[in-house]
Amino acid sequence: MPHLEAVKHILDTTLGLNGRALEAHTPLLGSVPELDSMAVIGVITALEDHFGIVVADDDIHARHFATVGTLHDFVFAKLRP
């Protein structure tokens, strides 16, 4: 999975997870207490800054934050032309 390490690093630093183990299958929403509605905005902003993507409000869905892998897939789809 290209860019998975970058997504994991962004989650770690944005949410203050202090190096907590994150894998593609790691659940996010409902499982990571630090990921509340305000934190989602911070994660999206960090992803936009790091990857040079634009995420419209209509693009943000809970399904993208189901796991680290689904968030990665969302970012990767945004990177493709």
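From the N terminus on, the elements of this protein run α-α-α. That makes three helices and zero strands, in a model that is predicted. The radius of gyration is 11 Å, close to the 12 Å that the globule rule gives for 81 residues, so the protein is as compact as a globular protein of that length. Welcome to a short tour, from the whole fold down to single side chains.

**The overall picture**

- Along its principal axes, the C-alpha trace spans about 30 × 25 × 20 Å.
- Of the 81 residues in the protein, 38% are buried.
- The protein exposes about 4600 Å², and carbon and sulfur atoms supply 57% of that area.
- Take the contacts between residues at least 6 apart in sequence: 61% of them join residues at least 24 apart.
- One example of parts separated in sequence is Met1 and Asp73, which are 72 residues apart along the chain while their C-alpha atoms are separated by 8.4 Å.
- Asp73 belongs to helix 3, and it counts as partly exposed because its relative accessibility is 41%, between the 20% and 50% cut-offs.

**What the record says**

- UniProt, in an unreviewed entry, lists residues 1-79 as "domain: Carrier".
- Over residues 1-79 the chain is 49% helix and 0% strand, and the end C-alpha atoms of this stretch are 13 Å apart.

**Helix 1 up close**

- Helix 1 covers residues 4-15.
- Its 12 residues should span 16 Å at 1.5 Å a residue, and its end C-alpha atoms are indeed 16 Å apart, so the two values agree.
- Which residues of helix 1 are buried? They are Leu4, Ala6, Val7, Lys8, Ile10, Leu11, Asp12 and Leu15.
- What covers the buried residues of helix 1? The cover includes helix 2 and helix 3.
- Just after helix 1 comes Gly16, which takes a positive phi of about 65°.

**Salt bridges around Lys8**

- Side chains of opposite charge can pair when their charged atoms come close.
- The structure holds four salt bridges, and Lys8 is a good place to begin looking at them.
- Lys8 meets Glu5 in a salt bridge, with 3.0 Å from N to O.
- Both residues of that pair lie in helix 1, three residues apart, or about one turn of the helix.
- Are these two residues buried or exposed? Lys8 counts as buried because its relative accessibility of 13% is under the 20% cut-off, whereas Glu5 counts as exposed because its 53% is over 50%.
- Lys8 also meets Glu23 in a salt bridge, here with 3.9 Å from N to O.
- This second pair links distant parts of the chain: Lys8 is in helix 1, while Glu23 is in the loop between helix 1 and helix 2 (37-51), 15 residues apart.
- Glu23 has 39% relative accessibility, so it counts as partly exposed.
- Put together, Glu5, Lys8 and Glu23 are linked in a network of salt bridges.

**From the second loop to helix 3**

- Another salt bridge joins the side chains of Asp59 and Lys78, with 2.5 Å from N to O.
- This pair also links distant parts of the chain, 19 residues apart: Asp59 sits in the loop between helix 2 and helix 3 (68-79), and Lys78 sits in helix 3.
- Asp59 has a relative accessible area of 23%, so it is partly exposed.
- Lys78 is partly exposed as well, because its relative accessible area is 29%.
- His64 is found in the loop between helix 2 and helix 3.
- With a relative accessible area of 14%, His64 falls under the 20% cut-off and is therefore buried.
- Which residues is His64 in contact with, leaving aside its neighbours within four places in sequence? They are Asp59, Thr70, Leu71 and Phe74.
- Asp59 thus appears twice in this part of the tour, in the salt bridge with Lys78 and in contact with His64.

Key. Residues numbered from 1 in each chain as written. Predicted model: local features only at pLDDT ≥ 70, side-chain atom pairs only at ≥ 80, totals over all residues. Heavy atoms only, no water. Helix = DSSP H or I, 4+ residues; strand = E, 2+ residues; numbered from the N terminus. Buried < 20%, exposed > 50% of the residue type's maximum accessible area, 1.4 Å probe, protein only. UniProt positions renumbered as here; feature names shortened; annotations may be inferred. Expected span 1.5 Å × (residues − 1). Contact = heavy atoms within 4.5 Å. Rg over C-alpha atoms; globule rule 2.2 N^0.38 Å. Areas by Shrake-Rupley, 256 points an atom, 1.4 Å probe, with all protein chains shown as cover.
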